[in-house]
Amino acid sequence: MGSSTWFRGAIVMVRLLFAAMLGILAVAAQLLVIVLLSPGWLGDNTPLPAVLGWQLLATLAAALFFAHVMPDRPQEYRHGVFIHAFCLCLFLPVVGQMLCLCMMLAPVICPPDRRRADAQVIDAPRFVPSLVSHIAYGSGARLRVRLGNQEAPDEDRVAAMIAMRSLPLHLTDGMLRNLLSDPLEEIRLLAYGISNAAENTVTQKILAASRQMDVAATASKKSRLSCDLAELHWELIYQNLVQGELRRHTLERVERYAHAALALDENHAAMWCLLGRCALLNNKPLQAEVFLRHAQTRHFPAHRLLPWMAEAAFIKREYHRIGPILAPLHGGASSPALRSTVHYWTQ
């Protein structure tokens, strides 16, 4: 260990001596160029190639000096310093060397603040079922018109029904229920199949997450699975796949799993927001505001949170608060419906 440390120290010393020699050579060559260009010193017949050659030697020596004077820096850094120093010293004789020297001495004379920056470890991104559905606004309205026109050709209505499968179910569920009694058999079968397939997909995910919850051994895994189960049950409500008593039961399951997740880790901002939306569905605006503010303090995205806080204020008939709540969303990217709502309450 001692011999290897001594050997590395010797190499550093050799590099520093080499850099010092290059620096002396650069200064000497640059002074010689100044002498050659000064009238009356060595005569006025100094050939231009000789001046350019000495200037090139001074530039090369200076660039090598600045690149090797800091041996602890990586090779890529020294290459970059060499290129920049070479260009500066070549096109700005004397001044270029002084600039590079000042840039190197500045951190030594005025050392930077070495305080550690505040940092924290964040969780890796993960799948969130409620964010899966993204559509081009207006597609659902156009398909509604095509499907609602009983006089349109059957082929066109069937094509519109097939295109509807790419839309999120919460935008088409009301129409799907009406289409279950459509006179065209193909439309009825497709409407039933779309709704049933979506419900089965979410149900299978719930069953798989429940089985994992039964064998979960760590608190972090139980917390993650509780979040997943809360979001999957909320998906059934969000996509209008459950109605009546089943909807109320599903809403209770959402609240149960969300509370379980927060009991293990209260920093789940999405769970606080989910509880706030459940409280709004239960017509409990005061409770919803408490949950939503918890989500806000944990930095839940404002463009998703503020509309629900405005809805809570609306239910409480505190209309004077809606404008200030929605003001941060004015001019931002949002859906046409939300944009018009923000414009109405903020103007």
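A salt bridge here is a side-chain nitrogen of Lys or Arg within 4 Å of a carboxyl oxygen of Asp or Glu. The model is predicted: local features need pLDDT of at least 70 and side-chain atom pairs count only at pLDDT 80 or more, while totals for chains, interfaces and linings use all residues. Residues are numbered from 1 along each chain as its sequence is written, and side-chain values use heavy atoms, with hydrogens and water left out.

**Exercise 1. Describe the make-up of the chain.**

Solution. Begin with the secondary structure: the chain has 15 helices and zero strands. Helices (H or I, at least four residues) and strands (E, at least two) are DSSP runs, numbered from the N terminus.

Next, take burial. Of the 347 residues, 33% are buried. Buried means under 20% relative accessible area, exposed over 50%, and partly exposed in between (1.4 Å probe, protein chains only).

Then take the surface. The accessible surface is about 21,800 Å², and carbon and sulfur atoms hold 63% of it. Areas come from the Shrake-Rupley method with a 1.4 Å probe; for residues, only the protein chains shown count as cover.

Last, take contacts (heavy atoms within 4.5 Å). Among contacts with a separation of 6 or more, 54% join residues 24 or more positions apart.

**Exercise 2. Work out the span of helix 10 and which face of the helix is buried.**

Solution. The expected span is 1.5 Å times one less than the number of residues. For the 21 residues of helix 10 (residues 244-264) this gives 30 Å, and the end C-alpha atoms are 31 Å apart, which agrees.

Now list the buried residues: Thr250, Leu251, Val254, Tyr257, Ala258, Ala261 and Leu262. Viewed down the axis of helix 10, they fall within an arc of 135 degrees, so they line one face. The arc is that of the directions from the helix axis to the C-beta atoms. On the face turned away from the buried side are the exposed residues Glu245, Arg256 and Ala263.

Finally, find the cover. It includes helix 9 (219-238) and helix 11 (269-281). One residue of helix 9 is His233, which is buried at 8% relative accessibility. Leaving out residues up to four places away in sequence, His233 touches Ile206, Thr250, Arg253, Val254 and Tyr257.

**Exercise 3. How many residues of helix 11 are buried, and what do they pack against?**

Solution. Helix 11 has 13 residues and reaches 19 Å from its first C-alpha to its last, close to the expected 18 Å. Eleven of the 13 are buried, among them Trp272, Arg277 and Cys278. The buried residues pack against helix 9, helix 10, helix 12 (285-297) and helix 13 (302-315).

**Exercise 4. Which sign does phi take at Asn283 and at Arg317?**

Solution. Most residues other than glycine have a negative phi. Asn283 has a positive phi of about 60 degrees although it is not a glycine. Asn283 sits in the loop between helix 11 and helix 12 and is exposed at 54% relative accessibility.

Phi of Arg317 is also positive, near 65 degrees. Arg317 is in the loop between helix 13 and helix 14 (322-326) and is exposed, at 65%.

**Exercise 5. Trace the salt bridges of Arg224 and Glu289.**

Solution. The whole structure holds six salt bridges. In the Arg224 and Asp228 bridge, the closest N and O atoms are 3.6 Å apart. These two are four residues apart in helix 9, about one helical turn. Arg224 is partly exposed at 34%, whereas Asp228 is buried at 16%.

Glu289 bridges to Lys316, with 2.9 Å between the closest N and O atoms. Glu289 lies in helix 12 and Lys316 in the loop between helix 13 and helix 14, so the pair ties together parts 27 residues apart in sequence. Glu289 is buried at 11%; Lys316 is partly exposed at 24%.

Glu289 also meets Arg321 in a salt bridge (2.8 Å, N to O). Arg321 is in the loop between helix 13 and helix 14, 32 residues from Glu289. Through shared partners, salt bridges join Glu289, Lys316, Glu318 and Arg321 into one network.
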